[in-house]
Amino acid sequence: MRQFVVTGMSCAACQVRVEKAVSRVPGVTECTVSLLTNSMRVEGTANDTDIIKAVSEAGYSASLRGGKGKTAASDSEELLKDRETPALKKRLLSSLFFLIILMYFSMGHHMWGWPIPSWFNGNPTAVGMVQLILCSIVLIINRKFFISGFNSVLHGAPNMDTLVALGSSASFCWSIYALFMMSDAQVRSGSDTAAAWMDQFYFESAAMILVLITVGKLLEARSKGKTTDALKSLMKLTPKTAQVIRNGSEMTVSVEDVRKGDIFVVRPGESIPADGVILEGSTAVNESALTGESIPADKAPGDEVSAATINQSGFIRCEATRVGEDTTLSQIIKLVSDAAATKAPIAKTADKVSGIFVPAVTGIAVITLIVWLIIGEKTDYALARAISVLVISCPCALGLATPVAIMVGSGAGAKHGILFKTAVSLEETGKTQIVVLDKTGTITRGEPEVTEIIPAGGISEDELLTAAFGLEALSEHPLSRAIVHEAEQRGLTAPAVHDFQAHPGNGLSAVLGQEEIIGGSVPFIRSKCEPDQALLEEADRLSNEGSTPMLFCRGGKLLGIISAADTIKEGAPEAILEMKKMGLQVVMLTGDNLRTASSIGKKAGIDHVIAGVLPDGKEAVIRRLKELGKITMVGDGINDAPALTSADTGIAIGAGTDVAIDAADIVLISSSLRDVPAAIKLSRQTLKNIRENLFWAFFYNALCIPLAAGCYIRLFGWELNPMIGAAAMSLSSFCVVSNALRLNLFDMYSSKHNKKAPTALASGALVPLLEEINTKTEDIQMTKTMKIDGMMCSHCEARVKKTLEAIDGVESASADHVSGKAVVTLSKDVDNEILKAAVEAQDYAVLGIE
């Protein structure tokens, strides 16, 4: 995908013309043009020269966006720089000066008798000449309308400027004709007869049309500038300089000169210049610019930091890992600007209308002129009606209706760490009916925590935890880390142990003092010591609740149970409840068994659960659910890539610095589940705003064109002056842009927007399909294939088979030393690392697991 800067476009018809011209270039598969950002996005193999040539032949100019040394931020900042408003303001002020004098002569003197210099008395031709000169000056000042309008006709693509130029030219030319007739009448019959031609002058209309359209253009330009405020504010966050360590000394360099691997330092209050990892020091970093989260994040050595975030407290020394356009901020800017350059499906109707709008309006104006002449009206009256038709119609409102709302909506999302990749995703997300949540890392934290400590009789919690601490401190297993973290939080000290052994899939053992200490699963501990029935029941209860109970014994005596579980994220139940109030059906997808999954789902407030699904089976489940309605899949963006791609909308949650996740349509920088309903609400509101804009644009033209043509004169006596028509046209685009700006006021986290969509599914609609899927996943035995190096004979095969079948969750295993593979049949999802560790403990090398 390449992006180009396109100049010379003035309305939606120009946009459509450029798209058609470039789409005809051989090798171009897709072309999207944004009138709002003056950018063009091209997909395909066509070379840049042919694309630029096609734009030039269509009557516009194009250049390749970006260049050597430019980051996404600096390039986008240059593209969005407002050059239009200052030029329009200067043009408007100059035009107004001469227009006021013209209006004094044309209306003040002629209609209301305002005084003029004595040498004009009795000489109406002289007054007409003054009006001609003043009007000509205003036309010259606003010559851009005529150059653009008539040039586009020569290229076969008339635009809005064509309508303005035709309306103003018709008024000016008729007025010149009336002036010649006046001068002839003054010579032949005297000034009194000549003065009657003053009523035929439209010099003030010719000038006023241009001035009013310029006023509208100025208001539109200022409002369009505000639609990109969110993007501009992101660009301003980029620091200009960095303190880099080079040759052993600290020096200040431009942020563009920071290279990957450079060591930089950041003092309290300074902005971090590049993405990096902390080597020295600890601090609190304000990341609100990227995540929308106002609470500073604590950072220590080894933690990642992002460019444009603020170091609030300590001195830190960091190594740059991402610089320039690779930083998280630059990627966010690129995503937002790319989204603005894409087109929403809802815009296609407006584009079709815009493509034929100007020729159609020109035709209506000609018909209006002819009809009024046929029914006997004077030429000046018929001409006024035709001119009104030309100047009141507005293709710009149609062209701006969608892109301004997309830009404001995507910018509002970016401010809260919600990144819509395309306009399509911003539109489609709001149509969601079913939200599918992956359990691990989405609903839960993704790391186990100690949830319960149940000591045996006569044993205290601290005694049990201390013994477990000594054993688990030597293991890197996630469950071991959970116990170690809990013990450290309580300020306990790990006792020294020796003869440590890991029993893959079962547990750990070591010698503490003179006694053997063992920890692990219920079957493993049962084989080592005899736990009492009460503790077995507790272990069974904990398993049913989704926890993993670990039993510990010392010297053959049971010490108790420590339970660990992947706990539910803070705020997840509230976010799920919010989605349910919005009329969304929420489904949890997990590899756990149905009993465990149902327990976790109940805690999180989820009614619908699909259990026993391995990562490679998620995509098939999503395809089945799509039979019922629009699906949004929420996952981590890596393991869930096929499911995210298969869903109507894929949301990658907790992306952090990795915002360029290909499989996702929406990327959430934060890991907070509350951003999911916020994204859906923002999409719904943006879609509503687009519909309002399109309704206004179509309604305005449908109502005003017949009014301007005089269709309501005989019925209601409604007649439209061309100047009023020009004023209405100038305000129509302004109204559309102003309506889009209201999205900046939308609070996507407010519960008052939790309204059910008309297309919401009934809860019962999912039950039959979910029961069918769950039944199948329970019946299907899950398999994994391991590639193993080192098996030499049948004895090796037997050894690998025995090792794998000893792991909890493995139904059966078969090994083949010829192919170097082992096939493992599972009763539940078993982590690949457990399988790998078990085999490698027998001195074989695991090359891969599928």
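**Close-up views of a predicted model**

By the ring-pairing rule, with ring centres within 6.5 Å, the count comes to seven aromatic pairs; the model shown in these views is a predicted one.

**View 1. Aromatic pairs, with W372 and Y381 as one of them.** The rings of W372 and Y381 form an edge-to-face pair, lying 5.4 Å apart from centre to centre with 80 degrees between their planes. W372 counts as buried because its relative accessibility is 7%, and Y381, at 18% relative accessibility, likewise counts as buried. Another aromatic pair is made by Y712 and F716, whose rings are tilted, with 6.3 Å between the centres and 55 degrees between the planes. In this pair Y712 is buried, its relative accessible area being 18%, whereas F716 is exposed, with a relative accessible area of 52%.

**View 2. R385 over the ring of Y381.** The ring of Y381, already seen as a partner of W372, also has R385 lying over its face, at 4.7 Å from the ring centre.

**View 3. The largest nonpolar core and a second one.** The largest nonpolar core has 69 residues, and the members that touch the most other members are V18, V22, M40, L437, M579, L673 and V676. Once neighbours within four places in sequence are left aside, M579 is in contact with V435, L437, L584, V586, L673, V676 and P677. A second core, separate from the largest, has 41 residues, among them I116, F145, F201 and A206. In soluble globular proteins, nonpolar side chains tend to be buried together.

**View 4. Q3 in strand β1, beside M40 in space.** Q3 lies in strand β1, which covers residues 2-7, and Q3 is buried because its relative accessible area is 8%, under the 20% cut-off. Although Q3 and M40 are 37 residues apart in sequence, their C-alpha atoms are 5.5 Å apart in space. M40 is itself one of the residues that touch the most other members of the largest nonpolar core.

**View 5. T283 in strand β9 and its polar contacts.** T283 is found in strand β9, residues 283-286, and with a relative accessible area of 5% T283 is buried. The side chain of T283 makes a polar contact of 2.4 Å with the side chain of N311, and the T283 side chain also reaches the backbone nitrogen of G314 at 2.9 Å. Beyond its neighbours within four places in sequence, T283 is in contact with A297, D298, K299, N311, Q312, S313, G314 and I316, a list that includes both of these polar partners, N311 and G314.

**View 6. S475 in the loop between two helices.** S475 is placed in the loop between α18, residues 461-472, and α19, residues 478-489. Despite this loop position, S475 is buried, with a relative accessible area of 12%. The side chain of S475 reaches the backbone nitrogen of H477 at 3.1 Å. Not counting residues up to four places away in sequence, S475 touches S480, F500 and L508.

**View 7. Buried cysteines in a structure with zero disulfides.** The structure holds zero disulfides. Among its cysteines, C318 counts as buried because its relative accessibility is 0%, and C704 is also buried, with a relative accessible area of 12%.

Definitions and conventions:
Residues are numbered from 1 along each chain as its sequence is written. This is a predicted model: local features need pLDDT of at least 70, side-chain atom pairs count only at pLDDT 80 or more; totals for chains, interfaces and linings use all residues. Side-chain values use heavy atoms; hydrogens and water are left out. Rings of Phe, Tyr and Trp (its six-membered ring) pair if their centres lie within 6.5 Å; planes under 30 degrees apart count as stacked, over 60 as edge-to-face and the rest as tilted. Buried means under 20% relative accessible area, exposed over 50%, partly exposed in between (1.4 Å probe, protein chains only). A charge sits over a ring if NZ of Lys or CZ of Arg is within 6 Å of the ring centre and within 35 degrees of the ring normal. A nonpolar core is a set of buried Ala, Val, Leu, Ile, Met, Phe, Trp, Tyr and Cys residues joined through side-chain atoms within 4.5 Å. Contact means heavy atoms within 4.5 Å. Helices (H or I, at least four residues) and strands (E, at least two) are DSSP runs, numbered from the N terminus. A polar contact is a pair of N or O atoms within 3.5 Å; within protein, one must be able to donate a hydrogen and the other to accept it, and residues adjacent in sequence count only if both atoms are side-chain atoms. A disulfide is a pair of cysteine sulfur atoms within 2.5 Å.
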